[in-house]
Amino acid sequence: MSDKKQHKCVLCDSKLNSKEELQEHFRKHANKEIDTRGRPVKNCKNADTKCDECGQSFDTITATIRHKFKVHTNSQTKFYCPYCGKQFPLKTHRDNHQTSHNPKDSENKTDHAKCEDCNVIFYNKKAFNYHHRSVHKRMVHIFQPILTPPPSNKIKLNSMNDALSVYYCHLCGAEYIIKFNLQQHLERAHSKEERDAVPDDLIKCTICAALFSSKKAYEVHNSYHRPDDLYVTSEEQRLQTVTKIDQDFDIRRVEAVANKYVTKTNTSKRPAKYWSKQEKIQMLNKPIKEAYSSSDNDLACAKDSSDSESDLPLKQRLLS
């Protein structure tokens, strides 16, 4: 048996004559002197940190990318991988990435597909579809977003202690705290026919008032509920609790210009974004009328009606 077979690199399958050579080979991988195929990588720092538009070099790749998007904001130059369709901010990024693909995959020209909008040729249909979906379809959705149900009455606190609305898929019960992620899910997991279909009946969640088109979706949704979940009891309470503006523009969340010049008569109440986690939990476990007094300017014109089935606190609603 040959010694070469006893010293094989697990990263690139290269075969070395001795253990010492294998160790030296691993060092080259660690120092990025060779790629995943064992081929030498150009050791030129300026090449990786050079602006594609003006040729200026920077100390780090991050600084190069920041410069390009700040100074050359109207640049039409884009860099796509023809093997998989991914987009890269710099040409060197794209070129280094391409070394991870097998060059033989580009030889069959019958599989090539050209994007007429970008004038870029992709080596297979899968790469072209990924490019079209991630670049061109995304632009369409900015102006024609996929319709989603309104958020449920459930509220989540993230790691920064920000209260966020919870969105859900009415077709399968999946849950999201970012509306854009729900829109992507609806596009990828459900066909247009499913999204546009009018259900024969709707099932309403008795805890958070979410609506579902099937019993299966409702059961999946129920698996997301936990005993320590937080809920709002009306849209007025949501507006006071959710500090970050939702993806859909809401004029009610924008402070009027005149309010900046009006002297605050009650300075004891801090904005919701400065509340502690415990304060938010305490507020959400109170009825809306108890959480905010009727003298509050923000709720002076608030309606007495609620979007949920009850204005009772969370603990009482769970026990009922």
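**Exercise 1. The loop that holds Asn-119**

Task: Determine where Asn-119 is placed, what sign its phi has, and whether the residue is buried or exposed.

Solution: Begin with the position, for in this predicted model Asn-119 sits in the loop that runs between β3 (113–115) and β4 (120–122). Next consider the backbone, where the phi of Asn-119 is near 60°, a positive value in a residue other than glycine. This deserves a remark, since most residues other than glycine have a negative phi. Finally, turn to the surface: the relative accessible area of Asn-119 is 55%, and because exposed means over 50%, this residue counts as exposed.

**Exercise 2. A second positive phi**

Task: Carry out the corresponding steps for Ala-209, giving its loop, its phi and its degree of exposure.

Solution: The loop in question lies between β9 (203–204) and β10 (211–212), and Ala-209 is found in it. Although Ala-209 is not a glycine, its phi is positive, at about 70°. The relative accessibility of Ala-209 is 22%, and because this value falls between the 20% limit for buried and the 50% limit for exposed, the residue is classed as partly exposed.

**Exercise 3. The sheet around β5**

Task: Work out in what order the strands of the open sheet that contains β5 are arranged, and which of them stand at the edges.

Solution: Take the pairings one at a time, starting with β5 (residues 154–157) and β11 (residues 230–231), which run antiparallel and are joined by two bridges. Across this pairing, Lys-154 faces Tyr-231, while Ile-155 stands opposite Leu-230. The other pairing joins β5 to β6 (residues 163–165) through three bridges, again with the strands antiparallel, and here Lys-156 is opposite Leu-164. β5 and β6 also form a hairpin with five residues between them, and Asn-161 in the turn has a positive phi of about 70°. Putting the pairings together gives an open sheet of three strands in the order β6-β5-β11. β6 and β11 are therefore the edge strands, each with a single partner, so that one side of each has no neighbour in the sheet.

**Exercise 4. The surroundings of Glu-175**

Task: Establish whether Glu-175 is buried or exposed, and which side chains it joins through polar contacts.

Solution: First locate the residue, which belongs to strand β8 (residues 175–176). Its relative accessible area is 14%, and because buried means under 20%, Glu-175 is buried. Then examine the polar contacts: the side chain of Glu-175 is joined to that of Lys-154 by one of 3.3 Å, and to that of Lys-156 by one of 3.2 Å. Leaving aside residues up to four places away in sequence, Glu-175 also touches others, including Val-166, Tyr-167, Tyr-168 and Tyr-224.

**Exercise 5. The largest nonpolar core**

Task: List the residues of the largest nonpolar core, and then examine the contacts of Cys-205.

Solution: The core has eight residues in all, namely Tyr-168, Cys-205, Cys-208, Ala-210, Phe-212, Ala-217, Tyr-218 and Tyr-231. Not counting residues up to four places away in sequence, Cys-205 touches Ala-210, Phe-212 and Tyr-218, and also His-221, Asn-222 and His-225.

**Exercise 6. The protein as a whole**

Task: State how many helices and strands the protein has, and what share of its residues is buried.

Solution: The count is twelve helices and eleven strands. Of the 320 residues, 33% are buried. The protein exposes about 21,600 Å², of which carbon and sulfur atoms supply 51%.

How values were computed: Residues numbered from 1 in each chain as written. Predicted model: local features only at pLDDT ≥ 70, side-chain atom pairs only at ≥ 80, totals over all residues. Heavy atoms only, no water. Helix = DSSP H or I, 4+ residues; strand = E, 2+ residues; numbered from the N terminus. Buried < 20%, exposed > 50% of the residue type's maximum accessible area, 1.4 Å probe, protein only. Polar contact = N/O pair within 3.5 Å; in protein donor to acceptor, adjacent residues only side chain to side chain. Contact = heavy atoms within 4.5 Å. Pairing = 2+ DSSP bridges. Core = buried A, V, L, I, M, F, W, Y, C linked by side-chain atoms within 4.5 Å. Areas by Shrake-Rupley, 256 points an atom, 1.4 Å probe, with all protein chains shown as cover.
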